[in-house]
Amino acid sequence: YAIQPKPEGIAQAFIIGDGSLTNDAGSTGYGPIMYYYYSSHYQFVYLASDFTNAGLTGPTRILSLGFNVVSDTQGKTLPNFMVRMKHTTATDMTGGMDGTGLSVCYTNTGYLPAAGGYDMLVFDTPFEWDGSSNVIVDTSFARGANWCNCGQTKYDSVMSRGSAYRTDSFDTQDDFTHGSTIHILPQIRVLTEPLGLYFRSKGTGNWADTTTWEQSADGSNWENAAAAPNQTSLGTTIQNGHTVTVNTGTTTDQTIVASGGTLAIASGQTLTIANGDGTDLSVAGDLSNAGTLTCADDSTVTVSGATDTVFSGAGAWNFKTLTLNKNASDTKLDINTGSNVTVATALTITQGTLDLDQWTHNLLLGGALDISANGRWTKHGNNDYFVQFTGDACTLNDQSMGGPQNLGHVKVD
């Protein structure tokens, strides 16, 4: 089986099978798009080893699947073409077709195959392969009024891996009782993305470089990453002593910058914090921004931990909700950016000290500023900055020792 992984965004493509043969287009041929009969229904079982031999490891999400099409259907569409999939313990199709628990992944009311390579079918509902089970791929099309000696695909001759029911008389799509065992396994190409993985840094490096990361399905057992983390990851941690630099446009969620770690944004690049479950970005280390930090609506960023945190760099800083909650009231968030910092929705100081450095420009608040009794607000140097309220309905609730005078210059705009 050939291995041809190909990065496509955050996804990778894998080819399953050698495709050494081409199905006959007439009555003796078998193939998922062959249109000699008015209606056809096939099931093929792919072993987990077929996937792993092609370099595909799981768990993973299959986003699309394509057959290697040699000849098309001469302009005739396959009515209600459908791809269904399921996990199975079966290793062949000698037990007949299996109609239980099939997931409908792809439907097309009039599928017109394109010849000349892999005709990729983008799934309406991706299939989540568990990484260890065999998989049944079920294809069918409803009874139509056309036929032709056409619809050829590449396949391999493998004993009893398929089952077929083809007829002119009936709609075969939901018939699982009349299949006959066949000895073909179509060559397929699948486009996948990692499913449900945790990531952690294993050294200093660029975010997009897979060698910067380790991955884990359970958060305990780690291996070298096959892809960089993104907003679909279960969690991403930049560990103590590591600096990870965003070197291309990146979206992330549920990301932790541990104490002693640094998340850096390179000049000209944008890091987007997505809104997912829980805290979207938790910072106990440092942030350095020479590019753009932007946050999705309702996303949350929390600064925590037992050591001081520094925000540095003259990039664009755009938060939605920012909360300072350090382990002690005298532990600092030092904002030393040399540029404006925007907090559009709410800035909350639950515990800790927010320290505006003399090089920082204005702090632009579009909503609430809430400082608790364990919160502090200080500035140093001779910076003539403004705390500028820019929203239509802004509130100030300062319960800290010293009160509002520690804010410095306040401007309402």
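Half of this chain is out of sight: 50% of its 413 residues count as buried. Keep in mind that this is a predicted model. The exposed area comes to about 16,600 Å², and carbon and sulfur atoms supply 46% of that.

Now the secondary structure. We have 1 helix and 35 strands. How far along the sequence do the contacts reach? Take the contacts between residues at least 6 apart in sequence: 64% of them join residues at least 24 apart.

On to the interior. The largest nonpolar core has 41 residues. Which of them touch the most other members? Those are Leu-263, Phe-319, Leu-347, Leu-354 and Trp-377. Strand β30, residues 341-356, gives this core its largest share, 6 residues. There is also a second, separate core, with 39 residues. Ala-48, Ile-62, Tyr-111 and Val-190 are among its members.

Let's stay with Leu-263. This residue sits in strand β21, which spans residues 262-265. In a regular strand, side chains alternate between the two faces of the sheet. So which faces of β21 are covered? Both are. Thr-262 and Ala-264 are buried on one side. Leu-263 and Ile-265 are buried on the other.

Next, the strands that pair with β21. Strand β18, residues 243-246, runs parallel to β21, joined by 4 bridges. There, Val-244 has Leu-263 as its bridge partner. Strand β24, residues 286-289, also pairs with β21 in the parallel sense, again over 4 bridges. Here the bridge partner of Leu-263 is Leu-287.

What else does Leu-263 touch? Skip residues up to four places away in sequence, and the list still includes Trp-207, Ile-238, Val-257, Leu-271 and Leu-281. Val-244 and Leu-287, the two bridge partners, are on that list too. So are Val-246, Asp-286 and Ser-288.

Last stop, Pro-32. Find it in the loop between β3, residues 21-22, and β4, residues 39-46. Is this loop residue buried or exposed? Pro-32 has a relative accessible area of 1%; buried means under 20%, so Pro-32 counts as buried.

Which residues are in contact with Pro-32, leaving aside neighbours within four places in sequence? Tyr-42, Phe-67, Phe-81 and Phe-141 are there. Thr-139, Thr-153 and Pro-186 complete the list. One more pair to look at on the screen: Pro-32 and Asp-138. They are 106 residues apart along the chain, yet their C-alpha atoms are separated by 9.0 Å.

Key: Residues numbered from 1 in each chain as written. Predicted model: local features only at pLDDT ≥ 70, side-chain atom pairs only at ≥ 80, totals over all residues. Heavy atoms only, no water. Buried < 20%, exposed > 50% of the residue type's maximum accessible area, 1.4 Å probe, protein only. Contact = heavy atoms within 4.5 Å. Pairing = 2+ DSSP bridges. Areas by Shrake-Rupley, 256 points an atom, 1.4 Å probe, with all protein chains shown as cover. Core = buried A, V, L, I, M, F, W, Y, C linked by side-chain atoms within 4.5 Å.
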